[in-house]
Structures are given as structure tokens and as C-alpha cells.
Amino acid sequence: MQLIEQVASDENIDQAFLWICLKRKEHSHNNDVWNLRRHWQTVKPNLQKQLLDGTYQFSAQQEIRFDTETIELWASLDALVLKAITLVLTRHLKPHISNQCVHVKGNGGGKEAVRQITRQLKDNSFVFRSDVKGYYASIDHHTLMEQLRCYIDDSRVIILIWDYLNRTVQFGGLYRDIKRGISLGCPLSPLIGALYLKLMDDRMEKTGLFYVRFMDDWIVLSPNRWKLKKAIQIVNQTLNELKVEKHPDKTFIGRIAKGFDFLGYSFEPKGLSIAPKTLANFLDRMTQLYEQGVDHRRIGKRKGKR
């Protein structure tokens, strides 16, 4: 069965439909999800036919601006299709993604990364941690497509992913085309984010050093300066090939004994604790919600999700 047939299957389409219904159950009464739900029995077979025929096209994203943030919202049917693609590609690409890329489902997540780091501290003396500056926004479409073609031989899926990348965003009647970067808040994007740095994962594995990555945040532990320097050179060369760059303000190179932060935690000789910046960000967000008059029950829910 080809990939597009899996995407368009009843199992995946129905699972994606239930996902979008749950995801947008609290959206306003005029959101298009309610029309999708009302006419689903008619929409579903037409959608499946378009996917199989290779004629499905994404509509422009809607830019929604708030006081403190801006989001780009996919139409409900587009979000459903992207979820169905994600379900299939997660299974298809998982064997090719490093186990050290811990944000991918099944690889343990951030807590597993913290546990691994804690176990490795006693055997290492130096640390190199960093992330990519503006990761989602800086991903090069052509470089990404070259990677994807190595693993996906279904042209209809390739075209859908290309359209997801080269999207159009609309606000106030004005349209702009996106030629670089991937979409925030899209179910497919974390998987794409995992794949894009695969070259770095593969090269770091060959060094024999401890290495773990959560999306675009990574850490390398080394027993000596020479091996650490070599790892830094490999990372710099790889990022240059991928046309992205390290975030200068979030890069730390030094002795483990001095302590360092990673994934919201502080690793210090005295033990593990919540990083001060994490606490500060949490308090800022709580204060912002109170000032906006948000109900305390909603604040509690937000707290649980962070």
C-alpha cells in the first residue's frame, strides 16, 4: 500500500477527524470545524478521492493577532489532512530518526533526556549545549525536500508536504507567501523538526560522546576538551550545510562543575533543580493571565499543560 493510500484510509482519516473535533471543541461557533462536523459524511469521501487523485490543495492560513502573540491557523480540513499525514509519516520515518532525538513519540521525551544526562555527568567533565536560532522559521525548504525524498517515494505525499511548506498566510485581505520555515502549531512540524537535524544526529553518534536532542535543543558531554572541540566543529559544519545557525545567547561551552541549564532544568554539583529562567517565565505568564482577568480555573488548566 502506497503512503497516500494509508493517509486516505478510513482508519487514518477517521482518527484525524476525531483529533480535530477534540482540538477545536472550544472554538467559536463560527469556526469552520462546526461546518466540517455537520457535513462530515459528505466531506469524507470527497476528501479521500482528492487525496488519492493528487488534487487536494491547502487553503491560505488565517493569521490571528492577539495582544501578546500571533498565530497562523490552518483551515480545519487542512489541519485534518496534516494530522493524517503525520500519523502515517510518524510510523514510516520513525526507524530513520535517532533514538537520541527524544521529543519524537516513543523516545522518552524531555524527562528521559534529563535522566540520561544525570546518569552521564559523573563520567564527563565538559559540556556543550545550544539550539538553533529561530529553528522553525529558518528551515530551508529545498534542503528539507532533499531529505524527505530519500525516504518518501510517493509523489502525491511529496507534493502535499511541499504545499504545506510553501504556504500562504492571509490577514486583513492581504496575502503573503512563505518561502522559508515551517508552520507553528501544526501536528506535522515536530516530526519535520526531528528529521531536519538527522545529519547532526548521525554524525554525533559516530563520535561516541554522549549526545541528546529535544527538537532543536541539544547537549554534548565530553570527558576532555579535545573531544568536545571536535564535537563543536562537527556541529558547526553540519548546521552550515543545513543553512541554520546556533543561537549565540543560548550556547554554553564549559566545565560541567560550573553548572548548566537544559530543557528548563539546572544541572549543578549540588543536584538538579528548576532553572531560574523557567520559574521567571512561569511567573510572568501567570501575572499576564491575572492581569487579563482570566478565570482562575483556566489558569490552573494552563498551568497543568506547561
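## The hairpin of E10 and E11

In this predicted model, Ser-266 stands opposite Ser-273, a residue of strand E11. The two strands concerned are E10, covering residues 265-268, and E11, covering residues 271-274. They run antiparallel and are joined by 4 bridges. With 2 residues between them, E10 and E11 form a hairpin.

Strands of a sheet pair through backbone hydrogen bonds, and the pairing is either parallel or antiparallel.

## The four-stranded sheet

An open sheet of 4 strands follows the order E2-E1-E4-E5, and its pairing is mixed. Strand E2 (70-73) and strand E5 (174-177) stand at the edges; each has a single partner strand, so one side of each is left without a neighbour in the sheet. On average, neighbouring strands of this sheet are turned by 30° against each other, direction ignored.

Within this sheet, strand E4 (residues 168-171) pairs with E5 in the antiparallel sense over 4 bridges. Gln-170 has Tyr-175 of E5 as its bridge partner.

## The crossing of H8 and H10

Helix H8 spans residues 141-149 and helix H10 spans residues 189-196. Their axes come within 10 Å and cross at roughly 85°. Angles of 65 to 115 degrees count as roughly perpendicular, and H8 is therefore roughly perpendicular to H10.

Which residues make the contact between these helices? On the H8 side they are Thr-143, Leu-144, Gln-147 and Leu-148, while H10 contributes Ile-192, Leu-195 and Tyr-196. By class, the contact of H8 with H10 has 5 nonpolar and 2 polar residues, and no charged residues.

Methods. Residues are numbered from 1 along each chain as its sequence is written. This is a predicted model: local features need pLDDT of at least 70, side-chain atom pairs count only at pLDDT 80 or more; totals for chains, interfaces and linings use all residues. Side-chain values use heavy atoms; hydrogens and water are left out. Two strands pair if DSSP finds at least two bridges between them. Axes are lines fitted to C-alpha atoms, for helices over the stretch in contact, and angles run from 0 to 180 degrees between N-to-C directions. Angles under 35 degrees count as roughly parallel, over 145 as roughly antiparallel, 65 to 115 as roughly perpendicular and the rest as oblique. Contact means heavy atoms within 4.5 Å. Ala, Val, Leu, Ile, Met, Phe, Trp, Tyr, Cys and Pro count as nonpolar, Asp, Glu, Lys and Arg as charged, and the others, Gly among them, as polar.
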